[in-house]
Amino acid sequence: MTELERQLEILSRGCVELLPEGALAEQLALALKVGRPLRVKAGFDPTAPDIHLGHTVLLYKLAQFQRLGHEVILLIGDFTARIGDPTGRSETRPPLSEEAIRKNTETYTAQVFKILDPERTRVVFNGDWLGRFTLVDLLTLCAKYNVAPMLTRDDFSKRYKAGHPIAIHEFLYPLMQGYDSVALEPDLELGGSDQTFNLLVGRDLMRAYGQKPQSIMTMPLLEGTDGVRKMSKSYGNYIGVTEAPDGMFGKVMSLSDELMLRYMELLTDWDLERVRAEHPMAAKQRLAMEFVARFHGREAAEAARDAFVARFSKREVPDDLPEVNVPCPQGDMWLPDVLVAAGMPSKSEARRRIGAGAVYVDGERVTDEQARLAAGGTYLVKAGKRSMWRVTLTWAHG
RNA sequence: GGGGAGGUGCCCGAGCGGUCAAUGGGAGCGGACUGUAAAUCCGUCGGCUACGCCUACGAAGGUUCAAAUCCUUCCCUCCCCA
């Protein structure tokens, strides 16, 4: 396999589209011949405070470029975030405050370098040039694009036909994003598959400004832990990169087998054929380790795995059990009251769990709703697979 | 500007004077089976030591022995015409 083939294989893994066809191969061939790395741009609007695994699909791809020696430009859309990308929206986005953007930018950049090599990443902010745009600059920019292609976009055309408002500035979003490419002159821009239109506008604008148009690589939007909808905080199906090791490990372990392969495809460079031959659980543990290590380090990953295996595979009692101290005004306490004190949302819920046979005290299943625990003792209380505490009933005068 | 429809539990969505804490589906939760997977099956899904009581059907009032269901006002969504 030649170096060109090797790079092409790594880089094209998982991606949805490479436009125009064959462009990347040509660019790579030239880059290798001349010894000049490709300049790759990817933009992120700091519209949310934290990033999740879904965002890291692009970052991982950028890291792959880096490892092959290419130049990565990470564009922070601090200016474009103020408008908000209208892509896929059925209505105008509310604008973000500068304050929120600034804060998000901080956390973003911190989290991004868990994946990217900071030494080899150029971070730029589009506020640096878009913030200085004059009206003349803007008019020049606008003169280089047409309304017609804007209206062919699915989201805009739906809104237009339905008579829903499209604010003029929403047309400006793709133009500004495209202008970023004019300002940075990348060889290739990487984006989510929902960004295809915006990325193509970048090509058109570069051409219009007399530059060599960038090629385009789009990546799929990662499915969330439900395996259906795209990963998103608002769907609650996400794995955040700042999540605690144990929680992250557990979430990965509960992915379906099929989804696990999808995550591996997009977020690792592992040989999927080989993974398929493995026991799915072993493979999943490896993936969980990989993610935890990526964001929290090797040691944390090992600890998370050990805790997981002990707790769920061997069903041992974890040693970091939450300790709960419950003041007990009498000689003993009604079990549902104890459960509520430990963290159950309500006594009704506690009684339901007892009735369902989910409650164990010191390893013994309790099915009697009227059960009471004596004050002064410490008990191992379990109320379903995810709720377990070490409860101490402290005798206290009421 | 004119006309019409509607706001119900986490979500979707029935109910249109009592038998409604409110059918059904989804999500969630628990149990069984497991690899804390998927699939499947069963159960549960406002609160309260409960064959009863309290709080709930956009908000506030009102009519009734009795209202999610009727009336009034208000708030908010959506659709059609111009």
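Is Asp 117 buried, partly exposed or exposed? In this predicted model, Asp 117 has a relative accessibility of 25%, so the residue counts as partly exposed. The side chain of Asp 117 forms a salt bridge with Arg 120, and the closest N and O atoms of the two are 3.4 Å apart. Arg 120 also counts as partly exposed, because its relative accessibility is 41%.

That pair is a good way into the salt bridges, of which the whole structure holds 25. Let us begin with the helix α1, residues 3–12, where Arg 6 and Glu 3 sit 3 residues apart, about one turn of the helix. Their side chains meet in a salt bridge with an N to O distance of 3.1 Å. With relative accessibilities of 36% for Arg 6 and 34% for Glu 3, both ends of this bridge count as partly exposed.

Now follow the chain to Glu 223, whose side chain meets that of Arg 262 in a salt bridge at 3.0 Å, N to O. This pair links distant parts of the chain, 39 residues apart: Glu 223 belongs to the loop between β6 and α12 (245–253), and Arg 262 to helix α13 (residues 257–267). Arg 262 has a relative accessible area of 23% and is therefore partly exposed. Elsewhere, Arg 39, Glu 71 and Arg 122 are joined into one network by salt bridges that share partners.

Next come the aromatic side chains, which form 5 pairs in the whole structure. In one of them, the ring centres of Phe 156 and Phe 171 are 5.2 Å apart and the planes stand at 75°, so this pair is edge-to-face. Phe 156 comes from helix α9 (residues 154–162) and Phe 171 from helix α10 (residues 168–184), so the contact links distant parts of the chain, 15 residues apart. Both Phe 156 and Phe 171 are buried.

Another edge-to-face pair joins Tyr 179 and Tyr 209, at 5.7 Å centre to centre and with 75° between the planes. Tyr 179 lies in helix α10 and Tyr 209 in the loop between α11 (196–208) and β6 (215–219), so the pair ties together parts 30 residues apart in sequence. Tyr 179 counts as buried because its relative accessibility is 17%, whereas Tyr 209, at 27%, counts as partly exposed. Together with Phe 133, these two tyrosines form one aromatic cluster.

Finally, turn to the surface. Asp 246, Glu 316, Asp 319 and Asp 320 form a negative patch there. Asp 320 lies in the loop between α16 (298–313) and β7 (323–328), and its relative accessibility of 52% is why the residue counts as exposed.

Key. Residues are numbered from 1 along each chain as its sequence is written. Chains are lettered from A and ligands numbered from 1 in the order in which they are written. This is a predicted model: local features need pLDDT of at least 70, side-chain atom pairs count only at pLDDT 80 or more; totals for chains, interfaces and linings use all residues. Side-chain values use heavy atoms; hydrogens and water are left out. Patches are made of residues with over 30% relative accessible area and no salt bridge: like charges are joined within 9 Å, nonpolar side chains (Val, Leu, Ile, Met, Phe, Trp, Tyr) within 5 Å. Accessible areas come from the Shrake-Rupley method with a 1.4 Å probe; for residues, only the protein chains shown count as cover. A salt bridge is a side-chain nitrogen of Lys or Arg within 4 Å of a carboxyl oxygen of Asp or Glu. Lys and Arg count as positive and Asp and Glu as negative; His and the chain ends are not counted. The place of a charge is taken as NZ of Lys, CZ of Arg, CG of Asp or CD of Glu. Helices (H or I, at least four residues) and strands (E, at least two) are DSSP runs, numbered from the N terminus. Buried means under 20% relative accessible area, exposed over 50%, partly exposed in between (1.4 Å probe, protein chains only). Rings of Phe, Tyr and Trp (its six-membered ring) pair if their centres lie within 6.5 Å; planes under 30 degrees apart count as stacked, over 60 as edge-to-face and the rest as tilted.
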